[in-house]
Amino acid sequence: MADSSTADLSKGKRITGGDRTSLADELRKRYDGGESIRSLASSTNRSYGFVHRLLSESGATLRSRGGANRNSKKS
């Protein structure tokens with residue numbers, strides 16, 4: 001689901017200033033819409049850590065990990 005603003009991102013390219021802000025805004029919208037950090041990283045050719053940091057910097061509320069909780073009590 002890469003659009004024109006994420007299509008020109010090459011791996012390892014430094015993203016600063018307005019480009020970084022606009023990318024953070026776009027990724028935050030997609031993350032808030034339900035996409036995972038891993039899928040965002042894959043679609044932008046960036047690392048999981050980069051996307052996680054960008055979302056944190058943009059003020060996004062990060063979701064907890066999915067899946068079963070090993071410590072949950074069964075009723």
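A residue counts as buried when its relative accessible area is under 20%, as exposed when that area is over 50%, and as partly exposed in between (1.4 Å probe, protein chains only). With that rule in hand, let us work through some exercises.

This is a predicted model, in which local features need pLDDT of at least 70 and side-chain atom pairs count only at pLDDT 80 or more, while totals for chains, interfaces and linings use all residues. Residues are numbered from 1 along each chain as its sequence is written, and side-chain values use heavy atoms, with hydrogens and water left out.

**Exercise 1. Describe the overall build of the protein.**

Step 1: Start with the elements. Helices (H or I, at least four residues) and strands (E, at least two) are DSSP runs, numbered from the N terminus. The protein has 4 helices and 0 strands, so its pattern along the sequence reads α-α-α-α.

Step 2: Turn to the surface. Accessible areas come from the Shrake-Rupley method with a 1.4 Å probe, and for residues only the protein chains shown count as cover. The protein's accessible surface is about 5600 Å², and carbon and sulfur atoms hold 46% of that. Of its 75 residues, 29% count as buried.

Step 3: Look at the contacts, meaning heavy atoms within 4.5 Å. Among contacts with a separation of 6 or more, 57% are between residues 24 or more positions apart.

**Exercise 2. Find the residues that hold the most links in the largest nonpolar core.**

Step 1: Recall the rule. A nonpolar core is a set of buried Ala, Val, Leu, Ile, Met, Phe, Trp, Tyr and Cys residues joined through side-chain atoms within 4.5 Å. In soluble globular proteins, nonpolar side chains tend to be buried together.

Step 2: Pick out the members. The largest core has 13 residues, and those touching the most other members are L23, L27, L40, F50, V51, L54 and L55. At least two residues of this core come from each of α2 (17-32), α3 and α4.

Step 3: Follow one member. Setting aside neighbours within four places in sequence, L27 is in contact with L40, T44, V51, L54 and L55. Two of these partners, L40 and T44, are on the list of buried residues in α3, along with I37, A41 and S43.

**Exercise 3. Trace the salt bridges around R30.**

Step 1: Apply the rule. A salt bridge is a side-chain nitrogen of Lys or Arg within 4 Å of a carboxyl oxygen of Asp or Glu. The count comes to 4.

Step 2: Begin with E26. Its salt bridge to R30 has its closest N and O atoms 3.4 Å apart. Both residues lie in helix α2, 4 residues apart, about one turn of the helix.

Step 3: Add E35. The side chains of R30 and E35 meet at 2.9 Å, N to O, and E26, R30 and E35 are linked in a network.

Step 4: Are E26 and R30 buried or exposed? E26 has a relative accessible area of 12%, so it is buried. R30 is buried too, because its value is 9%.

Step 5: Contrast another pair. D32 and R28 form a salt bridge with closest N and O atoms 3.7 Å apart, and they too lie in α2, 4 residues apart. R28 has 30% relative accessibility and therefore counts as partly exposed.

**Exercise 4. Examine the loop between α3 and α4.**

Step 1: Locate N45. It sits in the loop between α3 (37-44) and α4 (48-57).

Step 2: Check its backbone. Phi of N45 is near 55°, a positive value in a residue other than glycine. At 46% relative accessibility, N45 is partly exposed.

Step 3: Move to R46, which is in the loop between α3 and α4. R46 is buried, because its relative accessibility is 14%. Its C-alpha atom is separated by 6.0 Å from that of K11, 35 residues apart along the chain.

**Exercise 5. Which residues line the largest pocket?**

Step 1: Set the rule. On a 1 Å grid over the protein atoms alone, a pocket is an open set of points where a 1.4 Å probe fits, with protein on both sides within 12 Å along at least five of seven lines; lining residues have an atom within 4 Å of a point.

Step 2: Read off the lining: Y31, S36, I37, R38, Y48, H52, L62, R63, S64, R65 and G66. The elements giving two or more residues to this lining are α3 and α4.
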